[in-house]
Amino acid sequence: MPCEVAARFLILYGSQRGQAQSIAEEICEQAAEHGFTADINCLSNQDKYNVDREIRPVVFVVSTTGDGDPPDTAQKFVRKIKNKSLPHDHLSHLRYALLALGDTNYANFCNGGKTIDRRLQQLGGKHFYATGHADDGTGLEVVVDPWIEGLWDALKKTFSNMSASNQQEAARSDCTQDNNHKNASGQEKNKSDLEVDFHLLKLSEIDSENGKTVTSDSSDAETRSTTLVASLKKSLPPLSECVLNVPALPPSYLEVVLEQASTEGEAVPSGKDGYCEVPISKAVKLTQDDAVKSAILLELDISEQDVAYQPGDSFEIRCPNRASEVEELLLRLDLQMQKNFAVQVTLLKNSSKKAAKVPLHFPQNGSLQFILTWCLEIRSIPKKAFVRALADFTQSSSEKRRLLELCSKQGSADYNSFIRDTNICVLDLLQAFPSCLPPLSLLFEHLPKLQPRAYSAASSSLQHPGKVHFVFNVVEVPACSEHPARTGLCTGWLVDHVSSILQPLGTVPASECLGTSALPKVHVRPRPSSTFHLPSDPSVPVVMVGPGTGVAPFIGFLQQREKEHETNQEAIFGETWLFFGCRHKDKDFLFREELERFVHNGTLSHLIVCFSRDEPDAAGTVNRPTYVQHNLLLHAKNVAGILLKDKGCLYVCGDAKNMAKDVNDTLLEIIGNELQLDKLDAMKIVAGLREEKRYLQDIWS
Ligand code: NAP
């Protein structure tokens, strides 16, 4: 008789910002439904697991950070498995599957997961299921959902193989009667557990769980509408008529209690986590009123702080949620009267959520209004698990059906069109589905931490001692049927916040006369870059590519070089090239005067500019360069010479989605042409430049 093989597996996650963790937790929650028991651990908790001796199948979920690095929480694990003294069969016992998360807008897609996968293979580990590579650029769920769906069958097969080999082993090793008894019951349990298939739920089945009978609610006027256009609130056949395959209901794990005690009354966060509160000493609009986007330069006074930075570093800014949106949310949740109550967040007793913890971003005794303003990203796009959970707090059967459709496998396209692509947030959902009234704890469980926003320093402290500049475009989120046009959370807040000191383009800032106490303030902390800095040897030539606000760090670089020129006239300085692009010469040519000064005094050897939307000049130049990469091609010989012969550096800053990719393609073309190489060989040269830190990107999506 066979020995028992428990259908138990291990999930290990390496997460930077919580995405990999929440996917790992989702797998863990779904496991029970499919007849498995899962244990879950963060890769950083090395005392809680040991892959060197792990006989259970292991599922890794690993994100990517920085320049294609594994997340900080996985670093120790990576160091451990990379130990060169490990024999090549060190992990030959290991059966694993790996889900890698990344973003194709950045170089080294999914490299965090790929690094671990590669090394596990080298050490003899075996896949029991193909590795998944999920792209945050197009929506993680596009890969994650089907990958998880396929995981259960793969696990089922793995366990049955393990069971079969154990049977052979058992036959050989002559198991005892006692063992036989145990194994028989174990095997029976496995069978019934593993035969659970994806639960195809009909609406009536879902609601019978709650003791209510619900069908597609023919009495609901909205559902009967004959409009043949689907929307957030309405679906069309076949989706409106089909049987739904919905994600498992995530177990609740937080208890939130509101106490009518006086709170610490924090209106803004205190200086924790390395943040300091600094005055904004200047705010200048850099674009004309009729420019396509409004760019604004801020100057922060950091003279009272112990903060040092180099050009190329960034600063993180804490921004609050919009006061009006917090108010609306409180109103919608019927909690307006309790907004100043102190909030106690604890773990729910008897929660079935594995490894549940109270997230660290909830302050002790903070008021409800404070938490909704500073701690939770209320503008975040609700994940499918959140939509699923909201459905359970929705009275109207037609609204509930629609929410279930939106989180179902069959409704994936609707989720993308009506939630993800239109930037719907929880408040929009609650407005669209008025019978949904979730408890506060549900929002606390599902809304992510409000993250700070990073901006590149656009100054050098040699030129502006005690100050740091940065520049941003006011982001516009287009209107859709569920919400009006909005400004981006941080850039919209900043522009309102500095309205009292904002100077129009070309004026001498009067704010310098204002006393510090009258100036608006922000909470910032430096985020140093490990690589995006000028070469320490000033004779190394540099090529900078920064269209739009992507020019920010290069203004810092050039201010630094200008000062170095002044103070060290003997030094040899390499050539400096800047490729800049904007839409119109007279509307959004950022830092025009400063750039021309750099050219005039020799700090900048070549300023190459293009205007993407200006009419061709009177001479009607044909094939006028539109984008920075067109100018790079026109100067291909110089660019190739700097990179290939003079060992110079190429810096690219700006939009990750289109510009950085196109510039990368152009670089391949330039190098391919120059060295007469095919694309693959040119890619190897470019990869080499990246490795040598001579091709550096600071790109944003
Ligand atoms: P942008 O939208 O990138 O536009 C700047 C110029 O680039 C325009 O002339 C635009 O032309 C052109 N462009 C459009 N597609 C292009 C492509 N595929 N290749 C090359 N050029 C292209 O400028 P922005 O609005 O200032 O945005 C810059 C980006 O940099 C943003 O993603 C921002 O987040 C990021 N960034 C910001 C900071 C910061 O500290 N604020 C720092 C670094 C980077 P058309 O519009 O006419 O097509």
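Let's begin with the aromatic rings: searching the whole of this predicted model turns up 21 aromatic pairs. A pair of aromatic rings is described by two things, the distance of the centres and the angle of the planes. Keep those in mind as you look at the examples.

Take Y455 and F470. Their rings are stacked, with centres 5.0 Å apart and planes at an angle of 15°. Now check where the two residues sit: Y455 belongs to strand β12 and F470 to strand β13, so this pair ties together parts that are 15 residues apart in sequence. And are these two buried or exposed? Y455 is buried, and F470 is buried too.

Another stacked pair is made by W577 and F579. Here the centres are 6.0 Å apart and the planes differ by 10°. These residues, W577 and F579, are both buried as well.

Rings can also gather in a group. Find F9, F36, W152 and F159 in your view: together they form one aromatic cluster.

Rings can have charged neighbours too. Which residue has its charged end over the ring of Y253? That's K353, sitting 4.6 Å from the ring centre. You can find a similar arrangement at Y275, where R318 lies over the face of the ring, 5.5 Å from its centre.

Now move on to the ligand. How many residues surround it? There are 23, and the closest are K293, V471, N473, T549 and Y627. Sorted by class, this shell holds nine nonpolar, nine polar and five charged residues.

Let's zoom in on some polar contacts. The side chain of K293 puts an N or O atom 2.6 Å from an oxygen atom of the ligand. N473 also uses its side chain: one of its polar atoms lies 2.6 Å from a ligand oxygen. With S456, by contrast, look at the backbone, where a polar atom is 3.0 Å from an oxygen of the ligand.

How much of the ligand does the protein bury? On its own, the ligand would expose 900 Å², and the protein buries 85% of that.

Finally, which elements give two or more residues to the shell around the ligand? They are the strands β12 (453–456), β13 (467–473), β19 (576–582) and β21 (649–655), along with the helix α20 (659–675). You've met two of these strands already: β12 is where Y455 lies, and β13 is home to F470. So as you rotate the model, try following β12 and β13 from that stacked pair to the shell around the ligand.

Methods:
Residues are numbered from 1 along each chain as its sequence is written. This is a predicted model: local features need pLDDT of at least 70, side-chain atom pairs count only at pLDDT 80 or more; totals for chains, interfaces and linings use all residues. Side-chain values use heavy atoms; hydrogens and water are left out. A residue is near a molecule or strand if one of its heavy atoms lies within 4 Å of it. A polar contact is a pair of N or O atoms within 3.5 Å; within protein, one must be able to donate a hydrogen and the other to accept it, and residues adjacent in sequence count only if both atoms are side-chain atoms. Accessible areas come from the Shrake-Rupley method with a 1.4 Å probe; for residues, only the protein chains shown count as cover. Helices (H or I, at least four residues) and strands (E, at least two) are DSSP runs, numbered from the N terminus. Ala, Val, Leu, Ile, Met, Phe, Trp, Tyr, Cys and Pro count as nonpolar, Asp, Glu, Lys and Arg as charged, and the others, Gly among them, as polar. Rings of Phe, Tyr and Trp (its six-membered ring) pair if their centres lie within 6.5 Å; planes under 30 degrees apart count as stacked, over 60 as edge-to-face and the rest as tilted. Buried means under 20% relative accessible area, exposed over 50%, partly exposed in between (1.4 Å probe, protein chains only). A charge sits over a ring if NZ of Lys or CZ of Arg is within 6 Å of the ring centre and within 35 degrees of the ring normal.
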